[in-house]
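Trainee: I am new to this structure. Please take me through the terms used for it, one at a time.

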Amino acid sequence: MRARIAVLAGDGIGPEVTEEGVRCLTAVATLFQHELELCPLAFGGAAIDSEGEPLPATTLQGVRSADAVLLGAIGGPQWSGSDARLRPEAGLLRLRRELGTFANLRPVRVHPQLLDASTLKAEVISGVDLVFVRELTGGIYFGEKHRDSASARDECSYSAAEIERIVRVAGQLARSRRRRLASIDKSNVLETSRLWREVTQRVMEREFAEVRLEHLLVDAAAMHLIRRPRDFDVLVTENMFGDILTDEASMLAGSLGLLPSASLGEGRRGIYEPIHGSAPDIAGRGIANPYGSILSAALLMRHSLGLEAEAAVLEQAVADALTAGARTADLVRPGEPACSTREAGQAVLSRLRPPE
Ligand code: NAD
């Protein structure tokens, strides 16, 4: 097949990890004789510096004509002052909204070889296999904002239709997995959460009766996630709760650098990115973990290109690289040698095998 992939590497470690994601994506495509056209486009802080805005018109145009977007990360202290007029994050939020990618899937699987890389006990995290479905284009991040020197306000709103469509994505996913869904809200305090709970209950009862539904308050969910993570299958939640809880969930897997994500809308085009940020504290040193980006490339093949076998080959190569001990600095114990971003990418490339 032929496909066009927009590559938005962004800032900080974004370009470093995306380079490995692209190398692995290209190698798998070659292995299966697909033709990928890769289109690098300016985005984030780098685009503010070069073109005066975080999501330039040329980038948006390029993204719209692509089959999928592979994204790195954006942001950094140079664009984050409290009086900053243009912020990289504004470009990311606009990109998600423009492409209508309302469903953010964040799988968290604990690799057996990495049980010791987590700060949590091995017996608690062994066998964890869950997926967060985070609502991505609504809620407080997209509400009206106001700030003056004496006060500030961020509005949070959700419509029943926005909740219904994300719950359907989560319901379908749960149906294809272990048929359990946890819906997370703060319905003891927030009106948006009360609507969330009511709509979720209704959609699940009517359309996914075979899926076991539990409702959790977000504070309790934060606790249960590290107390009994194996009990979870699919979790669905609103934008900000999902943002926070998935960083917590990344610690189950061992590092923020391991987790991929897929942001999907109504069509096939999606945005694929590791869940971490631009990590300015380690940028430019060649030590960032690229597995989140490489696994995002696998999700891109599965969800936007419909290439399941190819995605599985790439995921298996990552698992094999980890099993062989190819660990970046965030995954080793203090004092142990670590591999570089490039070496980790190479470890995956050298283990790509076509299925028998
Ligand atoms: P971060 O995710 O960039 O980093 C948090 C910590 O995790 C840091 O110590 C970092 O070194 C480490 N880390 C992250 N990714 C890693 C990787 N691949 N390998 C090894 N270690 C890794 O979060 P932050 O420091 O709070 O934010 C930095 C910037 O990133 C901010 O400007 C923020 O707005 C932006 N950000 C962007 C995105 C995105 O692009 N989607 C997401 C979150 C934060």
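Mentor: An oxygen atom of the ligand is 2.9 Å from a polar backbone atom of Ile-74. The model is a predicted one, in which local features need pLDDT of at least 70 and side-chain atom pairs pLDDT 80 or more, while totals for chains, interfaces and linings use all residues. Residues are numbered from 1 along each chain as its sequence is written, and side-chain values use heavy atoms, without hydrogens and water.

Trainee: What makes the pair of Ile-74 and the ligand a polar contact?

Mentor: A polar contact is a pair of N or O atoms within 3.5 Å; within protein, one must be able to donate a hydrogen and the other to accept it, and residues adjacent in sequence count only if both atoms are side-chain atoms. The distance at Ile-74 is 2.9 Å, so the pair qualifies. A backbone N or O atom of Ser-278, 3.1 Å from a ligand oxygen, also qualifies. At Asn-289 the partner is a nitrogen atom of the ligand, 2.9 Å from a backbone N or O atom.

Trainee: Which residues surrounding the ligand are the closest?

Mentor: They are Ile-74, Glu-89, Gly-277, Ala-279 and Asp-281, out of 20 that surround the ligand. A residue is counted if one of its heavy atoms lies within 4 Å.

Trainee: Why is the pair of Asp-233 and Arg-177 called a salt bridge?

Mentor: The term requires a side-chain nitrogen of Lys or Arg within 4 Å of a carboxyl oxygen of Asp or Glu. The closest N and O atoms of Asp-233 and Arg-177 are 2.7 Å apart, so the pair meets the definition. These two residues are 56 residues apart in the chain. The structure holds 28 salt bridges.

Trainee: How many salt bridges are there between domain 1 and domain 2?

Mentor: The count between the two domains is 0, whereas 6 residue pairs are in polar contact there, both residues at pLDDT 80 or more. The bounds, from an automatic or database domain assignment, are 1–77 + 87–107 + 255–356 for domain 1 and 119–253 for domain 2.

Trainee: How do you know what area is buried between domain 1 and domain 2?

Mentor: Buried area is the accessible area (1.4 Å probe) that two parts lose on being put together, summed over both. For domain 1 and domain 2 this is about 1700 Å², with carbon and sulfur atoms giving 64%. Arg-97, Phe-102 and Arg-106 supply 37% of the area that domain 1 buries against domain 2, more than any other three residues.

Conventions. Helix = DSSP H or I, 4+ residues; strand = E, 2+ residues; numbered from the N terminus.
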